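User: I'm new to reading protein models. Could you walk me through this one, feature by feature?

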Amino acid sequence: MAVEKELLHKPNKKTLDRLSLLVGFQDWDSFQDALHGDADGRTNYEGEEEMQKESK
């Protein structure tokens, strides 16, 4: 019964942030923004394309 109660709790912010990293986002908030249409995963890599262009 104690295990069932634990499974019903929302994971803490640190756990959610780590899970978000696995799918390519910087944190849980960025992941949620992408899910709800406010952003996409490319915002995590801003500036990276510019650095690649400069190095060529």
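Analyst: Sure! Let's start with a term: a helix here is a DSSP run of at least four residues, and helices are numbered from the N terminus. L22, for example, lies in helix α2. Keep in mind that this is a predicted model.

User: How many helices and strands does the chain have?

Analyst: You'll find 4 helices and 0 strands. Going from the N terminus, the order is α-α-α-α.

User: In which helix is confidence lowest, and in which is it highest?

Analyst: Think of pLDDT as the predictor's confidence in each residue, from 0 to 100. Confidence bottoms out in helix α4 (residues 48-55), with a mean of 60, and peaks in α2, at 94. Across the chain, the average is 76, and 54% of the residues score at least 70.

User: What happens at the two ends of α2?

Analyst: At the N-terminal end of helix α2 (residues 13-22), N12 acts as a cap: one of its side-chain oxygens is 3.2 Å from the backbone nitrogen of K14. Just after α2 comes G24, with a positive phi of about 95°.

User: Is L22 buried or exposed?

Analyst: The cut-off for exposed is over 50% relative accessible area. L22 has 72% relative accessibility, so L22 counts as exposed. Together with L19 and V23, L22 makes a nonpolar surface patch of about 320 Å².

User: And what share of the chain is buried?

Analyst: Buried means under 20% relative accessible area. Of the 56 residues in the chain, 12% are buried. The chain's accessible surface is about 5100 Å², and carbon and sulfur atoms account for 54% of that.

Note on methods: Residues numbered from 1 in each chain as written. Predicted model: local features only at pLDDT ≥ 70, side-chain atom pairs only at ≥ 80, totals over all residues. Heavy atoms only, no water. Buried < 20%, exposed > 50% of the residue type's maximum accessible area, 1.4 Å probe, protein only. Areas by Shrake-Rupley, 256 points an atom, 1.4 Å probe, with all protein chains shown as cover. Polar contact = N/O pair within 3.5 Å; in protein donor to acceptor, adjacent residues only side chain to side chain. Patch = residues over 30% accessible without salt bridge, like charges linked within 9 Å, V, L, I, M, F, W, Y side chains within 5 Å. Salt bridge = Lys/Arg side-chain N within 4 Å of Asp/Glu carboxyl O.
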